[in-house]
Amino acid sequence: MAKTKEIKTIGILTSGGDAPGMNAAIRAVVRKALAKGVKVKGIKKGYQGLLSEEIIDLERYHVSDTIQRGGTILGTARCLEFHTEEGQQKGVEICRKYGIEGLIVIGGDGSYRGAQALSRHGINTIGIPGTIDLDIACTDYTIGFDTAVNTAMQAIDKVRDTSSSHERCSIIEVMGRNAGYIALWCGIANGAEDILLPEKYDYNEQNIINNIINNRKRGKTHHIIINAEGIGHSTSMARRIEAATGIETRATILGYMQRGGSPTCKDRYYASVMGAYAADILCAGKTNRVVGIRHGECQDFDIEEALNMTKSIPEYDYEVARILS
Ligand code: ADP
Ligand code: F6P
(Lines give C-alpha, C1' and ligand atoms only; values in the text may rest on other atoms or scores of the structure.)
(Ligands and ions follow the chains in the order given, each with its own letter.)
Protein backbone atom coordinates (compact mmCIF):
# COMPACT_ATOMS: atom_id res chain seq x y z
CA MET A 1 0.00 0.00 0.00
CA ALA A 2 1.31 3.48 -0.89
CA LYS A 3 2.47 5.37 2.18
CA THR A 4 0.47 8.56 2.93
CA LYS A 5 2.60 11.65 2.34
CA GLU A 6 3.69 13.08 5.66
CA ILE A 7 2.03 16.43 6.33
CA LYS A 8 4.34 19.06 7.83
CA THR A 9 2.13 22.17 7.91
CA ILE A 10 -1.60 22.70 8.13
CA GLY A 11 -3.71 25.85 8.11
CA ILE A 12 -6.87 26.77 9.98
CA LEU A 13 -9.55 29.38 9.36
CA THR A 14 -13.01 30.30 10.65
CA SER A 15 -15.62 31.28 8.07
CA GLY A 16 -19.23 32.50 7.88
CA GLY A 17 -21.01 33.63 11.07
CA ASP A 18 -18.95 33.33 14.25
CA ALA A 19 -20.11 30.97 17.00
CA PRO A 20 -19.14 30.59 20.67
CA GLY A 21 -16.75 27.64 20.96
CA MET A 22 -14.83 28.35 17.76
CA ASN A 23 -11.83 29.32 19.88
CA ALA A 24 -11.94 26.00 21.71
CA ALA A 25 -11.85 24.26 18.32
CA ILE A 26 -8.92 26.38 17.10
CA ARG A 27 -7.06 25.65 20.34
CA ALA A 28 -7.65 21.92 19.97
CA VAL A 29 -6.48 21.87 16.35
CA VAL A 30 -3.33 23.83 17.20
CA ARG A 31 -2.37 21.76 20.21
CA LYS A 32 -3.19 18.37 18.65
CA ALA A 33 -1.22 19.19 15.50
CA LEU A 34 1.77 20.58 17.41
CA ALA A 35 1.79 17.44 19.58
CA LYS A 36 2.22 15.45 16.34
CA GLY A 37 5.10 17.69 15.23
CA VAL A 38 2.94 19.41 12.58
CA LYS A 39 3.17 23.22 12.22
CA VAL A 40 -0.02 25.30 12.16
CA LYS A 41 -0.70 28.53 10.27
CA GLY A 42 -3.69 30.63 11.29
CA ILE A 43 -5.52 32.34 8.45
CA LYS A 44 -7.39 35.46 9.53
CA LYS A 45 -10.88 36.47 8.34
CA GLY A 46 -11.85 33.28 6.54
CA TYR A 47 -11.28 32.87 2.80
CA GLN A 48 -10.95 36.64 2.47
CA GLY A 49 -7.85 36.57 4.70
CA LEU A 50 -6.48 33.66 2.68
CA LEU A 51 -6.74 35.70 -0.51
CA SER A 52 -5.19 38.77 1.15
CA GLU A 53 -2.50 36.58 2.74
CA GLU A 54 -3.30 37.42 6.37
CA ILE A 55 -1.49 34.35 7.62
CA ILE A 56 0.32 33.88 10.92
CA ASP A 57 2.22 31.08 12.65
CA LEU A 58 0.25 29.64 15.55
CA GLU A 59 2.18 28.36 18.57
CA ARG A 60 0.81 26.86 21.78
CA TYR A 61 0.80 30.19 23.58
CA HIS A 62 -1.29 31.89 20.87
CA VAL A 63 -4.26 29.80 21.97
CA SER A 64 -3.67 30.15 25.71
CA ASP A 65 -6.48 31.84 27.61
CA THR A 66 -8.89 31.53 24.66
CA ILE A 67 -11.08 28.52 25.49
CA GLN A 68 -13.48 30.66 27.54
CA ARG A 69 -13.73 33.49 25.00
CA GLY A 70 -16.63 34.00 22.60
CA GLY A 71 -16.17 34.98 18.95
CA THR A 72 -13.15 33.74 17.02
CA ILE A 73 -9.58 34.89 17.64
CA LEU A 74 -8.90 34.44 13.92
CA GLY A 75 -11.78 36.66 12.84
CA THR A 76 -14.27 35.59 10.18
CA ALA A 77 -15.76 36.95 6.98
CA ARG A 78 -17.92 36.15 4.01
CA CYS A 79 -15.86 36.30 0.79
CA LEU A 80 -17.59 36.62 -2.57
CA GLU A 81 -14.34 36.22 -4.54
CA PHE A 82 -13.96 32.69 -3.22
CA HIS A 83 -17.09 31.65 -5.10
CA THR A 84 -15.16 32.12 -8.37
CA GLU A 85 -12.77 29.65 -10.00
CA GLU A 86 -10.09 32.41 -10.12
CA GLY A 87 -10.51 33.09 -6.39
CA GLN A 88 -10.19 29.40 -5.56
CA GLN A 89 -7.08 29.01 -7.80
CA LYS A 90 -5.52 32.01 -6.07
CA GLY A 91 -6.32 30.41 -2.70
CA VAL A 92 -4.54 27.22 -3.75
CA GLU A 93 -1.46 29.15 -4.92
CA ILE A 94 -1.32 31.06 -1.62
CA CYS A 95 -1.62 27.80 0.37
CA ARG A 96 1.31 26.39 -1.64
CA LYS A 97 3.33 29.60 -1.17
CA TYR A 98 2.97 29.28 2.63
CA GLY A 99 3.57 25.52 2.63
CA ILE A 100 -0.01 24.80 3.77
CA GLU A 101 -0.66 21.19 2.71
CA GLY A 102 -3.96 20.76 4.51
CA LEU A 103 -6.62 23.16 5.78
CA ILE A 104 -9.20 22.96 8.56
CA VAL A 105 -12.28 25.11 7.98
CA ILE A 106 -14.60 25.87 10.88
CA GLY A 107 -17.98 27.11 9.64
CA GLY A 108 -21.25 26.09 8.04
CA ASP A 109 -22.43 24.61 4.73
CA GLY A 110 -21.16 27.51 2.61
CA SER A 111 -17.71 27.25 4.15
CA TYR A 112 -17.58 23.52 3.25
CA ARG A 113 -18.25 24.41 -0.39
CA GLY A 114 -15.10 26.52 -0.27
CA ALA A 115 -13.22 23.63 1.37
CA GLN A 116 -14.51 21.27 -1.30
CA ALA A 117 -13.18 23.58 -4.02
CA LEU A 118 -9.72 23.66 -2.43
CA SER A 119 -9.76 19.90 -2.07
CA ARG A 120 -10.58 19.55 -5.79
CA HIS A 121 -7.49 21.61 -6.52
CA GLY A 122 -5.21 19.42 -4.40
CA ILE A 123 -5.25 21.08 -0.95
CA ASN A 124 -6.52 18.58 1.65
CA THR A 125 -9.42 19.98 3.65
CA ILE A 126 -11.51 19.04 6.68
CA GLY A 127 -14.60 20.94 7.85
CA ILE A 128 -15.77 21.37 11.44
CA PRO A 129 -19.42 22.38 12.06
CA GLY A 130 -19.41 25.84 13.63
CA THR A 131 -22.77 27.60 13.59
CA ILE A 132 -25.36 28.54 16.18
CA ASP A 133 -28.11 27.38 13.77
CA LEU A 134 -27.67 23.57 14.23
CA ASP A 135 -28.61 23.26 10.56
CA ILE A 136 -25.87 20.84 9.42
CA ALA A 137 -27.44 17.49 8.66
CA CYS A 138 -24.48 15.15 9.13
CA THR A 139 -24.03 16.07 12.79
CA ASP A 140 -26.21 16.02 15.88
CA TYR A 141 -24.28 18.99 17.17
CA THR A 142 -22.83 22.24 15.86
CA ILE A 143 -20.44 24.44 17.81
CA GLY A 144 -22.21 27.47 19.27
CA PHE A 145 -25.76 26.14 19.41
CA ASP A 146 -25.74 25.38 23.13
CA THR A 147 -24.41 28.79 24.12
CA ALA A 148 -26.83 30.54 21.76
CA VAL A 149 -29.92 28.75 23.09
CA ASN A 150 -28.87 29.37 26.69
CA THR A 151 -28.32 33.07 25.98
CA ALA A 152 -31.69 33.30 24.22
CA MET A 153 -33.47 31.30 26.93
CA GLN A 154 -32.24 33.66 29.65
CA ALA A 155 -33.26 36.72 27.63
CA ILE A 156 -36.72 35.24 26.98
CA ASP A 157 -37.22 34.58 30.72
CA LYS A 158 -36.59 38.28 31.30
CA VAL A 159 -39.05 39.35 28.63
CA ARG A 160 -41.60 36.99 30.18
CA ASP A 161 -41.27 38.77 33.56
CA THR A 162 -42.16 42.14 32.12
CA SER A 163 -44.84 40.64 29.85
CA SER A 164 -46.59 39.14 32.87
CA SER A 165 -46.39 42.38 34.86
CA HIS A 166 -47.98 44.35 32.04
CA GLU A 167 -50.28 41.55 30.87
CA ARG A 168 -48.83 41.85 27.41
CA CYS A 169 -48.29 39.47 24.58
CA SER A 170 -44.62 39.24 23.45
CA ILE A 171 -43.23 38.05 20.18
CA ILE A 172 -39.56 37.18 20.55
CA GLU A 173 -37.59 36.58 17.38
CA VAL A 174 -34.58 34.29 17.55
CA MET A 175 -31.86 33.57 14.98
CA GLY A 176 -31.39 30.41 12.93
CA ARG A 177 -31.52 31.57 9.32
CA ASN A 178 -33.96 29.14 7.62
CA ALA A 179 -33.82 26.57 10.41
CA GLY A 180 -36.09 26.49 13.47
CA TYR A 181 -33.86 24.65 15.96
CA ILE A 182 -33.09 27.66 18.17
CA ALA A 183 -36.80 28.58 18.17
CA LEU A 184 -37.90 25.04 19.02
CA TRP A 185 -35.40 24.56 21.85
CA CYS A 186 -36.18 27.96 23.38
CA GLY A 187 -39.90 27.44 22.81
CA ILE A 188 -39.81 24.26 24.88
CA ALA A 189 -37.32 25.52 27.46
CA ASN A 190 -39.16 28.79 27.98
CA GLY A 191 -42.64 27.24 27.96
CA ALA A 192 -43.75 29.49 25.11
CA GLU A 193 -47.44 29.60 24.22
CA ASP A 194 -46.72 29.57 20.48
CA ILE A 195 -43.61 28.52 18.56
CA LEU A 196 -43.33 29.56 14.92
CA LEU A 197 -40.86 27.48 12.93
CA PRO A 198 -40.04 27.98 9.23
CA GLU A 199 -40.34 24.19 8.79
CA LYS A 200 -43.91 24.11 10.17
CA TYR A 201 -45.56 27.52 10.11
CA ASP A 202 -48.74 27.73 8.00
CA TYR A 203 -48.96 31.55 8.12
CA ASN A 204 -52.44 31.31 9.66
CA GLU A 205 -52.31 34.18 12.16
CA GLN A 206 -55.91 33.59 13.16
CA ASN A 207 -54.82 30.44 15.04
CA ILE A 208 -52.37 32.49 17.09
CA ILE A 209 -54.98 35.17 17.74
CA ASN A 210 -57.50 32.55 18.95
CA ASN A 211 -54.84 31.00 21.17
CA ILE A 212 -54.05 34.37 22.77
CA ILE A 213 -57.74 35.15 23.41
CA ASN A 214 -58.40 31.68 24.88
CA ASN A 215 -55.36 31.86 27.13
CA ARG A 216 -56.40 35.29 28.40
CA LYS A 217 -59.88 33.91 29.21
CA ARG A 218 -58.18 31.08 31.16
CA GLY A 219 -56.35 33.71 33.23
CA LYS A 220 -52.85 33.69 31.70
CA THR A 221 -51.21 37.07 32.21
CA HIS A 222 -48.59 36.68 29.51
CA HIS A 223 -48.42 35.13 26.06
CA ILE A 224 -44.98 34.35 24.67
CA ILE A 225 -44.59 33.67 20.97
CA ILE A 226 -41.18 32.50 19.82
CA ASN A 227 -40.76 33.44 16.19
CA ALA A 228 -37.89 32.11 14.09
CA GLU A 229 -35.80 34.48 11.99
CA GLY A 230 -36.73 32.44 8.91
CA ILE A 231 -40.32 33.68 9.33
CA GLY A 232 -39.35 37.15 10.57
CA HIS A 233 -41.61 40.22 10.37
CA SER A 234 -42.14 40.16 14.16
CA THR A 235 -42.86 43.89 14.42
CA SER A 236 -45.64 43.92 11.84
CA MET A 237 -47.00 40.66 13.26
CA ALA A 238 -47.18 42.36 16.70
CA ARG A 239 -49.14 45.27 15.24
CA ARG A 240 -51.65 42.94 13.57
CA ILE A 241 -52.07 40.77 16.68
CA GLU A 242 -52.61 43.81 18.91
CA ALA A 243 -55.25 45.17 16.51
CA ALA A 244 -57.07 41.81 16.38
CA THR A 245 -56.94 40.95 20.11
CA GLY A 246 -56.95 44.35 21.77
CA ILE A 247 -54.06 43.06 23.92
CA GLU A 248 -50.86 45.12 23.98
CA THR A 249 -48.30 43.19 21.93
CA ARG A 250 -44.57 43.92 21.66
CA ALA A 251 -41.86 42.45 19.48
CA THR A 252 -38.29 41.82 20.67
CA ILE A 253 -35.66 40.76 18.18
CA LEU A 254 -32.80 39.17 20.11
CA GLY A 255 -30.33 39.46 17.23
CA TYR A 256 -26.56 39.23 17.52
CA MET A 257 -26.44 38.83 21.30
CA GLN A 258 -27.18 35.15 20.52
CA ARG A 259 -23.84 34.80 18.73
CA GLY A 260 -21.69 36.24 21.52
CA GLY A 261 -20.59 35.34 25.01
CA SER A 262 -18.46 32.77 26.75
CA PRO A 263 -19.15 29.26 25.39
CA THR A 264 -20.96 26.73 27.58
CA CYS A 265 -19.25 23.57 28.80
CA LYS A 266 -20.95 21.56 26.05
CA ASP A 267 -19.70 23.89 23.32
CA ARG A 268 -16.15 23.85 24.70
CA TYR A 269 -16.22 20.06 25.07
CA TYR A 270 -17.49 19.16 21.59
CA ALA A 271 -15.39 21.90 19.96
CA SER A 272 -12.28 20.47 21.64
CA VAL A 273 -13.06 16.89 20.65
CA MET A 274 -14.00 17.73 17.06
CA GLY A 275 -10.97 20.04 16.68
CA ALA A 276 -8.59 17.31 17.82
CA TYR A 277 -10.32 14.72 15.59
CA ALA A 278 -10.10 17.05 12.57
CA ALA A 279 -6.36 17.54 13.14
CA ASP A 280 -5.90 13.77 13.43
CA ILE A 281 -7.68 12.87 10.19
CA LEU A 282 -6.11 15.75 8.25
CA CYS A 283 -2.63 14.71 9.37
CA ALA A 284 -3.51 11.10 8.47
CA GLY A 285 -4.05 12.22 4.86
CA LYS A 286 -7.86 12.44 4.69
CA THR A 287 -9.41 15.18 2.60
CA ASN A 288 -12.81 16.58 1.57
CA ARG A 289 -14.41 15.46 4.85
CA VAL A 290 -16.66 17.09 7.46
CA VAL A 291 -16.45 16.10 11.10
CA GLY A 292 -19.68 15.50 12.99
CA ILE A 293 -20.95 14.16 16.29
CA ARG A 294 -23.23 11.15 15.93
CA HIS A 295 -24.47 9.21 18.99
CA GLY A 296 -21.98 11.15 21.11
CA GLU A 297 -18.94 10.23 19.03
CA CYS A 298 -16.86 11.89 16.31
CA GLN A 299 -17.36 10.66 12.76
CA ASP A 300 -16.39 12.11 9.40
CA PHE A 301 -18.31 12.33 6.13
CA ASP A 302 -17.55 13.14 2.51
CA ILE A 303 -18.40 16.84 2.03
CA GLU A 304 -20.72 16.24 -0.94
CA GLU A 305 -22.58 13.49 0.92
CA ALA A 306 -22.81 15.68 4.02
CA LEU A 307 -24.21 18.59 2.01
CA ASN A 308 -26.82 16.32 0.42
CA MET A 309 -28.05 14.97 3.75
CA THR A 310 -31.22 16.41 5.22
CA LYS A 311 -32.46 16.64 8.77
CA SER A 312 -35.80 17.71 10.07
CA ILE A 313 -37.41 18.97 13.24
CA PRO A 314 -38.52 15.86 15.18
CA GLU A 315 -42.32 15.64 14.92
CA TYR A 316 -42.58 14.28 18.46
CA ASP A 317 -40.64 17.22 19.96
CA TYR A 318 -42.81 19.69 18.08
CA GLU A 319 -45.93 17.98 19.36
CA VAL A 320 -44.53 18.05 22.91
CA ALA A 321 -43.98 21.80 22.60
CA ARG A 322 -47.62 22.24 21.51
CA ILE A 323 -49.11 20.08 24.28
CA LEU A 324 -47.04 21.58 27.09
CA SER A 325 -47.71 25.23 26.27
P1 ADP B 1 -21.64 29.39 6.41
O2 ADP B 1 -20.32 28.74 6.27
O3 ADP B 1 -21.95 29.78 7.83
O4 ADP B 1 -22.72 28.59 5.74
P5 ADP B 1 -21.65 31.25 4.17
O6 ADP B 1 -22.68 30.50 3.41
O7 ADP B 1 -21.74 32.73 4.19
O8 ADP B 1 -21.56 30.82 5.70
O9 ADP B 1 -20.23 30.82 3.57
C10 ADP B 1 -19.04 31.35 4.12
C11 ADP B 1 -18.04 31.60 3.01
O12 ADP B 1 -17.70 30.35 2.38
C13 ADP B 1 -18.52 32.48 1.85
O14 ADP B 1 -18.44 33.84 2.13
C15 ADP B 1 -17.54 32.09 0.76
O16 ADP B 1 -16.29 32.71 0.95
C17 ADP B 1 -17.38 30.58 1.01
N18 ADP B 1 -18.32 29.87 0.13
C19 ADP B 1 -19.66 29.73 0.28
N20 ADP B 1 -20.21 29.05 -0.75
C21 ADP B 1 -19.19 28.76 -1.58
C22 ADP B 1 -19.09 28.07 -2.86
N23 ADP B 1 -20.16 27.55 -3.46
N24 ADP B 1 -17.86 27.95 -3.41
C25 ADP B 1 -16.78 28.46 -2.80
N26 ADP B 1 -16.80 29.13 -1.63
C27 ADP B 1 -17.98 29.27 -1.02
O1 F6P C 1 -25.55 31.43 10.65
C2 F6P C 1 -25.55 32.13 11.86
C3 F6P C 1 -26.39 33.35 11.74
O4 F6P C 1 -26.31 34.08 12.95
C5 F6P C 1 -27.85 33.11 11.36
O6 F6P C 1 -28.61 32.69 12.46
C7 F6P C 1 -28.22 34.45 10.79
O8 F6P C 1 -29.28 34.31 9.85
C9 F6P C 1 -26.97 34.88 10.09
O10 F6P C 1 -25.90 34.19 10.70
C11 F6P C 1 -26.70 36.36 10.16
O12 F6P C 1 -25.53 36.61 9.44
P13 F6P C 1 -24.79 38.00 9.35
O14 F6P C 1 -23.71 37.99 10.39
O15 F6P C 1 -24.20 38.01 7.97
O16 F6P C 1 -25.80 39.07 9.57
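## Two ligands and four residues in a predicted model

Leu-134 has a relative accessibility of 6% and therefore counts as buried, the cut-off being under 20%. This comes from a predicted model. Leu-134 belongs to the loop that runs between strand E5 (124-129) and helix H5 (145-166). Its backbone is worth a look. Leu-134 is not a glycine, yet its phi is positive, about 60 degrees. Most residues other than glycine have a negative phi.

Glu-53 also has a positive phi, about 55 degrees, and is not a glycine. It sits in the loop between helix H2 (46-51) and strand E3 (55-58). Is Glu-53 buried or partly exposed? With a relative accessible area of 30%, Glu-53 is partly exposed, because that class runs from 20% to 50%.

**Ligand 1**

Now to the ligands. Around ligand 1 stand 15 residues. The closest are Arg-78, Cys-79, Gly-108, Gly-110 and Ser-111. Which helix gives the largest share of this shell? It is helix H4 (residues 109-120), with five residues. Sorted by class, the shell holds nine polar, three nonpolar and three charged residues.

Backbone atoms make several polar contacts here. A backbone N or O atom of Cys-79 lies 2.6 Å from an oxygen atom of ligand 1. For Gly-108, a polar backbone atom is 2.9 Å from an oxygen atom of the ligand. For Gly-110, the distance from a polar backbone atom to a ligand 1 oxygen atom is 3.0 Å. On its own, ligand 1 has 550 Å² of accessible area, and the protein covers 81% of it. The space that ligand 1 takes is the largest pocket.

**Ligand 2**

Ligand 2 sits in the largest pocket too. The residues around it are Arg-78, Thr-131, Ile-132, Asp-133, Met-175, Gly-176, Arg-177, Glu-229, Tyr-256 and Arg-259. By class, five of the shell residues are charged, three nonpolar and two polar. Arg-78 is listed around ligand 2, and Arg-78 is also among the closest residues to ligand 1.

Which side chains have an N or O atom paired with an oxygen atom of ligand 2? The table names three.

| Side chain with the N or O atom | Distance to an oxygen atom of ligand 2 |
|---|---|
| Arg-78 | 2.9 Å |
| Asp-133 | 2.7 Å |
| Arg-259 | 2.8 Å |

Taken alone, ligand 2 exposes 400 Å², of which the protein buries 78%.

**Two buried polar residues**

Ser-170 has its place in strand E6 (residues 169-174). It counts as buried, because its relative accessibility is 3%. What does the side chain of Ser-170 contact? It makes a polar contact of 2.5 Å with the side chain of Ser-163.

Thr-245 is part of helix H8 (residues 234-245). Its relative accessible area is 17%, so Thr-245 is buried. Its side chain has a partner in the backbone. A polar atom of the Thr-245 side chain lies 3.1 Å from the backbone nitrogen of Ile-247.

**In brief**

Ligand 1 occupies the largest pocket, and ligand 2 sits in the largest pocket. Backbone atoms of Cys-79, one of the closest residues, approach ligand 1 to 2.6 Å. For ligand 2, the side chain of Asp-133 has an N or O atom 2.7 Å from a ligand oxygen atom. Away from the ligands' description, Leu-134 and Glu-53 show a positive phi.

Methods
Residues are numbered from 1 along each chain as its sequence is written. Chains are lettered from A and ligands numbered from 1 in the order in which they are written. This is a predicted model: local features need pLDDT of at least 70, side-chain atom pairs count only at pLDDT 80 or more; totals for chains, interfaces and linings use all residues. Side-chain values use heavy atoms; hydrogens and water are left out. A residue is near a molecule or strand if one of its heavy atoms lies within 4 Å of it. A polar contact is a pair of N or O atoms within 3.5 Å; within protein, one must be able to donate a hydrogen and the other to accept it, and residues adjacent in sequence count only if both atoms are side-chain atoms. Accessible areas come from the Shrake-Rupley method with a 1.4 Å probe; for residues, only the protein chains shown count as cover. On a 1 Å grid over the protein atoms alone, a cavity is a set of points where a 1.4 Å probe fits but cannot get out, and a pocket is an open set with protein on both sides within 12 Å along at least five of seven lines; lining residues have an atom within 4 Å of a point. A molecule sits in a cavity or pocket if more than half of its atoms lie within 2 Å of its grid points. Helices (H or I, at least four residues) and strands (E, at least two) are DSSP runs, numbered from the N terminus. Ala, Val, Leu, Ile, Met, Phe, Trp, Tyr, Cys and Pro count as nonpolar, Asp, Glu, Lys and Arg as charged, and the others, Gly among them, as polar. Buried means under 20% relative accessible area, exposed over 50%, partly exposed in between (1.4 Å probe, protein chains only).
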